[in-house]
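Open the model in your viewer and keep the sequence panel beside it. We will go from stop to stop, selecting as we go.

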Amino acid sequence: MSKIKVAIIGCGTIANNAHIPAYMNNPDAEIKYFCDIIPEKAEAAVKKYGCGTAVVDYHDILGDPEIEAVSVCTPNKMHSTISIDFLKAGKNVLCEKPAARTLSEALEMQKAKHETGKVLNIGVVNRFNAGVNKLREMIQSGEFGEIYHIYVSFRAHRSIPGLGGAFTDKSIAGGGVLIDWGVHYLDIVMYCMDDPKPLTVSAKAFSKLGVDMKNYVYEGMWSEETKDLNGVYDVDDFVTGFVRTAGPTISLNGAWAQNIGVSETYIDFLGTKAGARLQYGSDFTVYTTACGGLVSLKPKFTPNAHFQNEIDSFVRCIQTGEKLPSHIDKAIITATMMQAMYDSSEQNREIVLG
Ligand SMILES: NC(=O)c1ccc[n+]([C@@H]2O[C@H](COP(=O)([O-])OP(=O)(O)OC[C@H]3O[C@@H](n4cnc5c(N)ncnc54)[C@H](O)[C@@H]3O)[C@@H](O)[C@H]2O)c1
């Protein structure tokens, strides 16, 4: 079987840290194009990985019949347009998270997927994480009893990315900590619980600590190379919310920055027989009782390279036609919840979804 030819659109952090190395490790894939609007970034990738051609405008490769798979690794603003253009050109797409800036853009992507019949997966990489899958298995097999509430915390002390750049400009990113980090956490909740229908959403998103960019004090800043203190900062750096679903209720607090000097990034699943705390990106602890006493334990599982698993699964699903758990139809549920949270915050009221 000939190798699947791939195009990488956007040669920044996530492309270099995850997508490109994973394709390079996959024996069934071959990168044909590195595309970035900054020519030096595309050229640097060609040089670094020793393959492919550098391209500045993705339109130039839409018509290449050899290309079967595309990774969209650009800022959120371009997710929808680029993904739809490639789907309509007959290509299979893996688009980074969040699906898009707004629910309506995500719905357009879903529509294009269904019209073209090509693959559209979103980079909800935790669905390919062995620890998350072990926890999901235990939840689904009833080991926790009824899970009635889930508490989500994605709070950092000072972790606003690239102030004034693509991450803090709402017109580019669609939002701040909720859409950037919250998307992963809500996605894990929905995946583990098998998508209970969201019913009502209440939330408040605050833009407080980063807005005075020149006086924002921090120890470290990811995406710092995109910092522009004359740029825009109009996104949430703290969010709090409450969701009723057809299953458990969900409460959440998220902070890119807060005046509390700890980072707490975990999800608590509260069940009638047992509970679990999943440390984001790591393992989980189960709390229960046995022999009249309190017990806590850490279930064993073999950790995996989840980005590699995500890319391998994408390549495989193009060959087999299998529907992956990261399919756009799943991502739409989280996009619906996040949109309702932003709407609730703006309108100062609860949003009823169904
Ligand atoms: N799955 C994860 O855990 C994870 C982690 C980090 C980032 N991301 C997502 O990946 C995306 C990119 O984030 P990043 O940190 O790599 O950003 P980045 O700024 O490092 O890289 C984005 C690149 O896209 C390029 N670009 C912009 N517009 C383009 C266009 N029209 N055509 C081609 N290239 C274009 C930029 O020049 C830049 O090099 C975001 O959507 C982000 O949310 C996901």
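Axes here are lines fitted to C-alpha atoms, for helices over the stretch in contact, and the angle between two of them runs from 0 to 180 degrees, taken between N-to-C directions. Keep in mind that this is a predicted model.

**Stop 1: two helices**

Two packed helices are described by the angle between their axes and the distance between the axes. Select residues 13-25, helix α1, and residues 306-320, helix α8. Their axes come within 9 Å and cross at roughly 65°. The crossing of α1 past α8 is right-handed.

Now show side chains. Which residues of α1 meet α8? They are Ala18, His19, Ala22, Tyr23 and Asn25. On the α8 side, pick Phe307, Gln308 and Ile311. Colour this contact by class: five residues are nonpolar, three are polar and none is charged.

**Stop 2: the ligand**

Stay with α1, and select the ligand. The shell around the ligand holds 26 residues. Gly10, Gly12, Thr13, Ile14 and Glu96 come nearest. Which element gives the most to this shell? It is α1, with three residues. Colour the shell by class and you get 13 nonpolar, eight polar and five charged residues.

**Stop 3: two domains**

Give each domain its own colour. Domain 1 is 4-126 + 307-327, and domain 2 is 132-302 + 335-352. Each is written as two stretches of the chain. How far apart are the centres of domain 1 and domain 2? Taken over C-alpha atoms, 26 Å separate them.

Next, look at where the domains touch. Domain 1 puts 15 residues into the contact, and domain 2 puts in 15 residues. The side of domain 1 that touches domain 2 has eight nonpolar, four polar and three charged residues.

Bring the ligand back into view. Its shell draws at least three residues from each of domain 1 and domain 2.

**Stop 4: three strands**

Select β10, residues 249-255. Add β7, residues 147-155. These two strands pair in the parallel sense, over seven bridges. Find Phe154: it stands opposite Gly254 in β10.

Now add β9, residues 238-245. Do β9 and β10 run parallel or antiparallel? They run antiparallel, and seven bridges join them. Pick Phe238 and look across to β10: its bridge partner there is Ala255. Finish by following the chain from β9 to β10, where a hairpin joins the two strands through three residues.

How values were computed
Residues numbered from 1 in each chain as written. Predicted model: local features only at pLDDT ≥ 70, side-chain atom pairs only at ≥ 80, totals over all residues. Pairing = 2+ DSSP bridges. Helix = DSSP H or I, 4+ residues; strand = E, 2+ residues; numbered from the N terminus. Domains from an automatic or database assignment. Contact = placed C-beta atoms within 7 Å. Nonpolar A, V, L, I, M, F, W, Y, C, P; charged D, E, K, R; others polar. Left-handed = near helix turned anticlockwise from the far one by under 90°. Near = placed C-beta within 6 Å.
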